[in-house]
Amino acid sequence: MSEWIASGLILTGSTFILIAAIGLVKMRDVYLRMHAATKTGSLGLGLICSGAIVLADNWTARVEIGLILVFMLVTAPIGAHLIGRAAFRAGVPFSSRTQFDAGCEGFGSPRRANSDDQQA
């Protein structure tokens, strides 16, 4: 029974990672790509690690897999924030369809892409 549960978790996690990879190719700008990679990639890795924990034979393996999961969940948001901040400060343009909240101009004026088909 545990093999079926682990297989379902690993298959679901792999599906989310595939969606993240497709998002990296299909999204229009660096900000959307960053979001697709970190959100679905973290969820996919979490599900895969959960499936591996179910299959693990001893506590040492479970702890190692748990540490991998914790490390990924701690570092992915930090990395995404730094990538987004560096892109914003470097003036990487937003997609022309991106909407902004009132007050975002306090961080600097956002730049827009020339067309929706532009791939950075």
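Visitor: Which backbone oxygen does the side chain of Thr38 reach, and what makes that a polar contact?

Guide: Happy to start there! In this predicted model, the side chain of Thr38 comes to 3.0 Å from the backbone oxygen of Met34. The cut-off for a polar contact is 3.5 Å between N or O atoms, with one able to donate a hydrogen and the other to accept it, so the 3.0 Å pair of Thr38 and Met34 qualifies.

Visitor: How far from the side chain of Thr38 is the backbone oxygen of His35?

Guide: A polar atom of the Thr38 side chain lies 3.4 Å from that His35 oxygen. Thr38 itself sits in helix 2, which spans residues 30-55.

Visitor: Which residues does Thr38 touch, leaving aside those up to four places away in sequence?

Guide: Those are Ala76 and Ala80.

Visitor: Why is Met1 called exposed?

Guide: Its relative accessible area is 72%. Exposed means over 50%, so Met1 earns the word. Met1 lies in the segment before helix 1 (2-26), and joins Trp4, Ile5 and Val54 in a nonpolar surface patch of about 500 Å².

Visitor: And why does Gly8 count as partly exposed?

Guide: Gly8, in helix 1, has a relative accessibility of 30%. Buried means under 20% and exposed over 50%, so a value of 30% places Gly8 in between, as partly exposed.

Visitor: How many residues apart in sequence are Gly8 and Leu47, and what is the C-alpha to C-alpha distance?

Guide: They are 39 residues apart in sequence, while their C-alpha atoms are 9.1 Å apart in space.

Conventions
Residues numbered from 1 in each chain as written. Predicted model: local features only at pLDDT ≥ 70, side-chain atom pairs only at ≥ 80, totals over all residues. Heavy atoms only, no water. Patch = residues over 30% accessible without salt bridge, like charges linked within 9 Å, V, L, I, M, F, W, Y side chains within 5 Å. Areas by Shrake-Rupley, 256 points an atom, 1.4 Å probe, with all protein chains shown as cover. Salt bridge = Lys/Arg side-chain N within 4 Å of Asp/Glu carboxyl O. Helix = DSSP H or I, 4+ residues; strand = E, 2+ residues; numbered from the N terminus. Buried < 20%, exposed > 50% of the residue type's maximum accessible area, 1.4 Å probe, protein only. Contact = heavy atoms within 4.5 Å.
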